[in-house]
Amino acid sequence: MNGCDQLIDYFNQHLSEEERVKFEQHLASCKDCQEELKQLEALVGGVAFLSTPAEPPRGMKARVLDRVFEEDDDEPMTAVESTKPAPPATPFKQKTERNVPVWGMVALAAALLFSLIGNGYLLSTQSDSPGITLTETIPLDGESEGTAYLAEQDGTTQLIVQTNGLASLDANEVYQVWLLKDNAPIPTGAFVTDDKGNGTVIYTLDSSETDVDWDTVAVTKEPNRGNETPQGEIVLIASL
Amino acid sequence: MTDLDLYERVRQKDKEALEILYDRYERILYAFVLQLTKDRDLAEEAMQEVFIKLWRGGGVYDETKGKFRSWLFTMSRHVAIDLIRKRKPDLQLDESYAETIPSESPSVEKEAEWQEERAQIETAMATLPAEQQQVVRLMYFQGLSQQKIADTCGIPLGTVKGRVRLALRQLKKHLSHELIGKEVEQ
């Protein structure tokens, strides 16, 4: 099975990590699947009421809420910001003065010389893509968890972005990944997220793009697919 | 106060707002995750996880997503399925969905809650042919794979999606905007 045939297994979480990533790539470009997924999710709000009534356990509320607020004290949230759109004229101006982790200002080309860094992505792709070598892992800073990876495969450079916990998208919206040098962006792949904000995009740089010393990778929420310059706000960003 | 108002306040770290949301959804959410997990401890753990997510902003809702309630239930469903896979990998979600739940007689007064919603979805389900009702339950409450749904219903794999689609289309006709949100009303 592939493509549209996997929608139900995706919805019911039966896909392996690898299949999920592949399906999400399909989903990003398949309007029918996007629409059907939306319908499946919307109906959860109806069918939930078919549940057999059950008495909540005594004291559950106190246990749950105590734990919720305790979690908060233990582990302060990584700043959740308001989602005001960035001014359109300066789409790549950062919304706050928070420090973006600077990873040694490593240029992309130089990064390719880095030794192999082991991680989940590599392990999951290594089995079926023996030629892939991960060259850099860059945590993204912003509204959710996210990581960018640079990888090399058969002499080409790939930019991989994975996210967790991004805000949900409207029908035509996509998350768009950009590489920037001196504030000049190029689009490097778009993706949509599942209901946990998980999303993945893999972009293969062409030879001229590989030669550029990119200084920043960013993800924006775009009102539609295919924008050549960013129109939406930045949700994730990191220096390269 | 609407769910959305409360959610916005929760985003601003308003504990009282989270408590109101909790009170509003405790019974139906608990019933829902219990239906999925068939285990009271796991159901409580799922509740815990759901409200931690709400509070800490893991999984973010915005209005463009549709109905808050659908989003909340969808998120809770994912949490419950995740927990089952982690804690009880041997549990087959395809066990009989209702009979295995330990029953405690719910108080009549409390069950007046959500009565309208229950009536609506039950009426809608009743309009479906038996085989479509079955597919809805296998999909939503048992979280089966497409292959297992096909096997259970005795239909070809390729027919499952069509049957799900038919069932959803029919259900939508009978469910109000209030219940499932505008976005599915075509």
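These legends describe close-up views of a predicted model with chains A and B.

**View 1. Chain A combines helices and strands.**
Chain A has 7 helices and 9 strands. It runs to 240 residues, and 40% of them count as buried. Take the contacts in chain A between residues at least 6 apart in sequence: 58% join residues at least 24 apart.

**View 2. An open sheet in chain A holds 5 strands.**
The strand order is 2-9-8-5-6, with antiparallel pairing. Strand 2 and strand 6 (184–191) of chain A are the edge strands, and each pairs on one side only. Strand 2 of chain A pairs with strand 9 (residues 234–239) of chain A over 2 bridges, in the antiparallel sense. A:Asp141 stands opposite A:Ile237, a residue of strand 9 of chain A. Strands of a sheet pair through backbone hydrogen bonds.

**View 3. A:Leu140 sits in a loop between two strands of chain A.**
Strand 1 (132–139) comes before this loop and strand 2 (141–142) comes after it. Is A:Leu140 buried or exposed? A:Leu140 is buried, because 23 other C-beta atoms lie within 10 Å and the cut-off for a buried residue is 20 or more. Beyond four places in sequence, A:Leu140 contacts A:Gly146, A:Thr147 and A:Ala148. Its other contacts of this kind are A:Val219, A:Leu236, A:Ile237 and A:Ala238. A:Ser239 is 99 residues from A:Leu140 along the chain, yet their C-alpha atoms are separated by 8.5 Å.

**View 4. Chain B is built with 10 helices and 0 strands.**
Along the sequence, the pattern is α-α-α-α-α-α-α-α-α-α. Chain B has 186 residues, of which 42% count as buried. Among its contacts between residues at least 6 apart in sequence, 65% join residues at least 24 apart.

**View 5. Helix 1 of chain B has its buried residues on one face.**
Which residues of helix 1 (residues 3–11) of chain B are buried? They are B:Leu6, B:Tyr7 and B:Val10. Seen down the helix axis, these buried residues fall within an arc of 100°, so they line one face of the helix. An α-helix has 3.6 residues a turn, so residues three or four places apart point the same way. The buried residues of helix 1 pack against helix 2 (15–37), helix 3 (40–56) and helix 4 (68–87) of chain B. Just after helix 1, B:Lys13 takes a positive phi of about 70°.

**View 6. Chain B meets chain A.**
On this interface, 67 residues of chain B are in contact with 43 residues of chain A. Several helices of chain B each supply at least two residues to its side, among them helix 6 (115–126), helix 7 (130–140), helix 9 (157–174) and helix 10 (177–180). Helix 2 of chain B gives the largest share of that side, 12 residues. By class, the side of chain B that touches chain A has 33 nonpolar, 14 polar and 20 charged residues.

**View 7. The largest nonpolar core has 106 residues.**
Which residues have the most contacts inside this core? They are A:Ala148, B:Val33, B:Ala46, B:Met47 and B:Phe51. Helix 2 of chain B gives the most to the core, with 12 residues. Leaving out residues up to four places away in sequence, B:Ala46 touches B:Val33, B:Thr37, B:Ser76, B:Val79, B:Ala80 and B:Leu83. A:Ala148, also named for its core contacts, is one of the residues that A:Leu140 contacts in View 3.

Definitions and conventions: Residues numbered from 1 in each chain as written. Chains lettered and ligands numbered in written order. Predicted model: local features only at pLDDT ≥ 70, side-chain atom pairs only at ≥ 80, totals over all residues. Helix = DSSP H or I, 4+ residues; strand = E, 2+ residues; numbered from the N terminus. Buried ≥ 20, exposed ≤ 12 C-beta atoms within 10 Å, placed from the backbone. Contact = placed C-beta atoms within 7 Å. Arc of directions from axis to C-beta. Pairing = 2+ DSSP bridges. Nonpolar A, V, L, I, M, F, W, Y, C, P; charged D, E, K, R; others polar. Core = buried A, V, L, I, M, F, W, Y, C linked by C-beta atoms within 7 Å.
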